[in-house]
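Student: I would like a close look at a single part of this model. Please take one surface feature, describe the element that carries it, and then place both within the chain as a whole.

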Amino acid sequence: MLTILAAGSVFFPGLFVLSKQCLKYIPALRWSEGDAVIVSARLVSSVQAIMASSAGYIIASSCDDIIEDQHWLTSAYILFAVPYFVYDIYAMFMCYWYKLRIKGHEADSGAKPLGAALTSYLRREFLMVLHHVVMVTVCFPVSVFWRQGKGDYFQGVMFLAEVSTPWVCLGKILIQYKQQHTLLHKVNGATMLVTFFICRVLLFPYLYYAYGRYASIPLHMVPFNVSWQVNLGAAMLMAPQVYWFSLICRGALRLFTGSSRSRRPPVTAKDDLDGQAPSQPANGYSTHATKQKSDSH
């Protein structure tokens with residue numbers, strides 16, 4: 001167990017550092033520190049997502065009995081991936097910090113602006129940070145210990161939620177570098193919308209449906225035949241997915257229709273630090289970003 005945890009603790013931060021250094025020092029690239037940090041963070045998230053979804057497919061496809069069948073990869077990948085969520089809180093903050101500096105705070109790099117940036121980051125990305133903390137402190141012990149080896153199929157299907165993450169990461173990069181007008185951004189947006197809806201929003205209704213088929217009970221009776229802890233956990237995990245999906249839909253609607261109901265001035269670093277800027281959640285389609293683009297045409 002400790003060996004797998006240690007491997008994950010080395011792999012994800014190590015991949016981040018390696019990617020950042022390559023982007024900064026390969027002669028053909030020579031990216032700035034900020035650009036290298038932002039893209040490297042997205043790359044690591046995409047790699048983790050591909051690994052998780054691949055593990056999920058292997059696990060789910062190998063379980064004939066969705067309750068009793070076990071696969072060694074289930075607990076192994078959970079242990080390996082737990083350090084990623086800790087690392088990603090740091091990586092998201094570094095991305096946020098460099099975005100502030102790009103907006104004009106390069107000179108204010110002392111302890112006070114850093115502290116203000118940390119406070120602003122925690123306020124603006126509270127839901128995402130909370131999600132990561134819950135994954136480590138609640139989902140990890142539940143998945144490894146409380147399940148007692150049962151339901152590997154369900155755990156594998158939940159890993160498949162990460163199928164949408166590479167598209168989310170690409171969307172973030174394209175928005176960061178103002179490529180909202182490109183065909184790639186529109187295709188990526190449509191793909192992200194579909195994969196997020198199928199793999200994250202419909203995930204929990206499908207899990208209830210699968211259990212209903214297994215237990216030979218109607219779908220609407222499943223919540224009354226599982227423990228309250230299962231229902232509570234499913235509700236807590238599904239709620240942010242629905243919220244993020246609604247934000248993605250709003251951003252995608254503005255992207256494809258070019259509509260904007262109001263014009264807003266560009267967000268400054270001071271707005272970010274003071275908490276005056278509109279919230280830009282951790283998804284690939286900030287509604288403010290798409291507004292700015294449509295306003296510029």
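**A nonpolar patch and its helix**

Tutor: In this predicted model, Phe 126, Leu 127, Leu 130 and Tyr 243 form a nonpolar surface patch of about 370 Å². Helix α5, which spans residues 126–146, provides the largest share of the patch, namely three residues. Tyr 243 lies in helix α10, residues 228–257. Its relative accessible area is 41%, so Tyr 243 is classed as partly exposed, the class that lies between the limits of 20% and 50%.

Helix α5 also has a buried side. Its buried residues are Met 128, Val 129, His 131, His 132, Cys 139, Phe 140, Ser 143 and Val 144. The general geometry of such an element is relevant here: an α-helix has 3.6 residues a turn, so residues three or four places apart point the same way. The list of buried positions in α5 includes Met 128, His 131 and His 132, and further along Cys 139, Phe 140, Ser 143 and Val 144. The axis of α5 is not straight throughout, as the helix bends by about 40° at Met 135.

The backbone just beyond this helix also deserves attention. Immediately after α5, Gln 148 adopts a positive phi of about 55°. As a general rule, most residues other than glycine have a negative phi. Two further non-glycine residues with positive phi may be set beside Gln 148. Arg 30 has a phi near 55° and is located in the loop between α1 (2–25) and α2 (33–62). With a relative accessible area of 54%, Arg 30 is exposed, because the class begins over 50%. Lys 178 likewise has a phi near 55°, and its place is the loop between α7 (165–176) and α8 (183–201). Lys 178 is exposed as well, at 60% relative accessibility.

The setting of α5 and α10 is the protein chain itself, which contains twelve helices and zero strands. Along the sequence, its pattern therefore reads α-α-α-α-α-α-α-α-α-α-α-α. Of the 297 residues in the chain, 47% are buried. Among contacts with a separation of 6 or more, 79% are between residues 24 or more positions apart. The chain exposes about 15100 Å², and carbon and sulfur atoms supply 68% of that area.

To return to the part chosen, the patch joins residues of α5 with Tyr 243 of α10, while α5 itself also holds buried residues such as Val 129 and Phe 140.

Definitions and conventions:
Residues are numbered from 1 along each chain as its sequence is written. This is a predicted model: local features need pLDDT of at least 70, side-chain atom pairs count only at pLDDT 80 or more; totals for chains, interfaces and linings use all residues. Side-chain values use heavy atoms; hydrogens and water are left out. Patches are made of residues with over 30% relative accessible area and no salt bridge: like charges are joined within 9 Å, nonpolar side chains (Val, Leu, Ile, Met, Phe, Trp, Tyr) within 5 Å. Accessible areas come from the Shrake-Rupley method with a 1.4 Å probe; for residues, only the protein chains shown count as cover. A salt bridge is a side-chain nitrogen of Lys or Arg within 4 Å of a carboxyl oxygen of Asp or Glu. Helices (H or I, at least four residues) and strands (E, at least two) are DSSP runs, numbered from the N terminus. Buried means under 20% relative accessible area, exposed over 50%, partly exposed in between (1.4 Å probe, protein chains only). The bend at a residue is the angle between axes fitted to the seven residues ending there and the seven starting there. Contact means heavy atoms within 4.5 Å.
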